[in-house]
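Visitor: Could you take me through one part of this model closely, beginning with a charged side chain and what it pairs with, and then follow the thread outward from there?

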Amino acid sequence: MENSGTKKVKLFNSTKTLVGGVVMLIIAMGIGRFSYTSILPLMQSQAHLSVTESGYLAGSNNMGYLIAAFGSGFIAWGTRRAYHLRIQLVLCIILTGLMGITSSFLCWMILRFLAGVSSGLIFVLSSSLVLDALFSDKREKWAGIFYGGVGIGIVLAGVLTPVLSFFTWRGTWIGLLIISIIIIIPVWSFIRDKELKPITQNAESLSSSAENPAIFGWILVAYGLEGLGYIVSATFLVAMVKQMPHVSSFADYSWIIVGIAAVPSSVIWSWWASKVGYIKPLIIALILQAVGVIMPVWLPNIFGVTLGSILFGGTFVGISMLALAAARMSRPSSGNRAIALMTGFFGIGQILGPIGAGIVLEVAHSYSLSLLLATLVLVAAAIILLFGAVISSPKAAIGNLNHARIHPDQELS
């Protein structure tokens, strides 16, 4: 039995691991990946970046992220995860700053692609390192806090962008580089590997999640459509609000609200899934996200933008967690392959979404049509998943997924 001193040491170590993980997600996702959304209007107005080019830059970043997230699952990292994490963190920070140094579209494409690769590797490796440590110390309930780092990063980038924009779009990118250095230095020593016992699914989990390839196929298609639909708002939300009459000054706040809503979302959706299973919350989350995406078009005012931002921010992290968990539990004997396929389909959607939306924007000269199409895609995803759950038998599709647990490094991609 552990004494109080040992418990305090474990608590202290778990806290350091968690804080380090949150900061890594802030840099990799909030700044390295999603800060582009808040900086995009500056680049469009000051660097004369067209909407089509904007879509291609987002697609390039998503392509890099896809390659990293999909490919990292086939690499044996061993006990050198912390070493590789530190390298990727340095690269991610440097690549962010370099965006403000050049004005070449080709260079931007390369930088956003490499930043996507770096962000993807940091996400996968930090998830593996941090969650393995938390599960080993029996702090698995802290996992939702860890993923809240994505939302915290979005909030930080959203708050800093209007301030740094005083130095133009170049200064904003370079300023985020400086901020990233400042916040990573205090937790640099927290990024370390820990000797752990293997964490596997327990017998109860395996017995309660019978193999059900039928529902997996429906989840796979729905998740691919989620990638295609959500990324339009994730790329163009701030730029769209900037063009809305009487609301343009609220544009920067819309992305901050998305981040604030995302912070507790993974905890909330995980709690609900533990009560009713993964499929039902996933369907509801897709519908709520669809409403959030179209809301600024329905109500082009502060209320519509605010509600839409809350619904969008409160669902996009949760949907990934729920979908990947459901997919893994529907195919417990080949969970890693299931996650790889899910990541691939989602990544393809993320690449095609902003490129297609950029082309539509160039033709229609309005964000409304792109958001409407994205909404229809998300509604289709919810309908397909509901239909698949019914076809696959409610007991098999929903009941058997209740209370399922997943391996920590496969919880989200």
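Guide: Lys242 has a relative accessibility of 36% and therefore counts as partly exposed, in a model that, it should be said at once, is predicted. The side chain of Lys242 meets that of Asp252 in a salt bridge, with 3.8 Å from N to O. The pair links distant parts of the chain, since Lys242 belongs to helix H9 (residues 213-242) and Asp252 to helix H10 (residues 251-276), ten residues apart. Asp252, for its part, has a relative accessible area of 16% and is therefore buried, the limit being under 20%. A search of the whole structure finds one salt bridge.

Helix H9 also holds Tyr230, and with this residue the thread passes from charge to aromatic rings. Tyr230 and Phe346 form a stacked pair, with 5.6 Å from centre to centre and 15 degrees between the planes. Because Tyr230 lies in helix H9 and Phe346 in helix H14, the pair ties together parts that are 116 residues apart in sequence. Both partners are buried: Tyr230 has a relative accessible area of 4%, and Phe346 has a relative accessibility of 6%. The two rings belong to a cluster linked by ring pairs, which also includes Phe34, Tyr223, Trp255, Phe312 and Phe316. The count of aromatic pairs comes to 15.

Tyr230 leads on to Arg33, because contact means heavy atoms within 4.5 Å and Tyr230 is among the residues in contact with Arg33. Arg33 lies in the loop between helix H1 (4-31) and helix H2 (35-46). Leaving aside neighbours within four places in sequence, the residues in contact with Arg33 are Ala28, Asn61, Asn62, Tyr65, Arg112, Ser119, Tyr230 and Gln350. With Gln350 there is a polar contact from side chain to side chain, at 2.7 Å. Whereas Lys242 has a partner of opposite charge in Asp252, Arg33 is buried yet has no salt bridge, and the nearest side chain of opposite charge, that of Glu226, is 10 Å away. A salt bridge would require a nitrogen to oxygen distance within 4 Å.

Two backbone details deserve a careful look as well. Thr168 has a phi near 70 degrees, a positive value in a residue other than glycine, and His365 likewise has a positive phi, near 55 degrees. Thr168 has its place in helix H7 and, at 36% relative accessibility, counts as partly exposed. His365 sits in the loop between helix H14 (335-364) and helix H15 (367-391), and with a relative accessible area of 67% this histidine is exposed.

As for helix H7 itself, its 17 residues (168-184) should span 24 Å at 1.5 Å a residue, and the C-alpha atoms at its ends are indeed 24 Å apart, so the two values agree. Buried positions in H7 are Trp169, Gly171, Thr172, Trp173, Gly175, Leu176, Leu177, Ser180 and Ile184.

A last point concerns Leu134, which has its place in helix H5 (residues 105-136) and counts as buried at 0% relative accessibility. The C-alpha atom of Leu134 is separated by 9.1 Å from that of Thr15, although the two residues are 119 residues apart along the chain.

Conventions: Residues numbered from 1 in each chain as written. Predicted model: local features only at pLDDT ≥ 70, side-chain atom pairs only at ≥ 80, totals over all residues. Heavy atoms only, no water. Helix = DSSP H or I, 4+ residues; strand = E, 2+ residues; numbered from the N terminus. Buried < 20%, exposed > 50% of the residue type's maximum accessible area, 1.4 Å probe, protein only. Lys, Arg positive; Asp, Glu negative; His and termini not counted. Polar contact = N/O pair within 3.5 Å; in protein donor to acceptor, adjacent residues only side chain to side chain. Expected span 1.5 Å × (residues − 1). Phe/Tyr/Trp six-rings, centres within 6.5 Å; stacked < 30°, edge-to-face > 60°.
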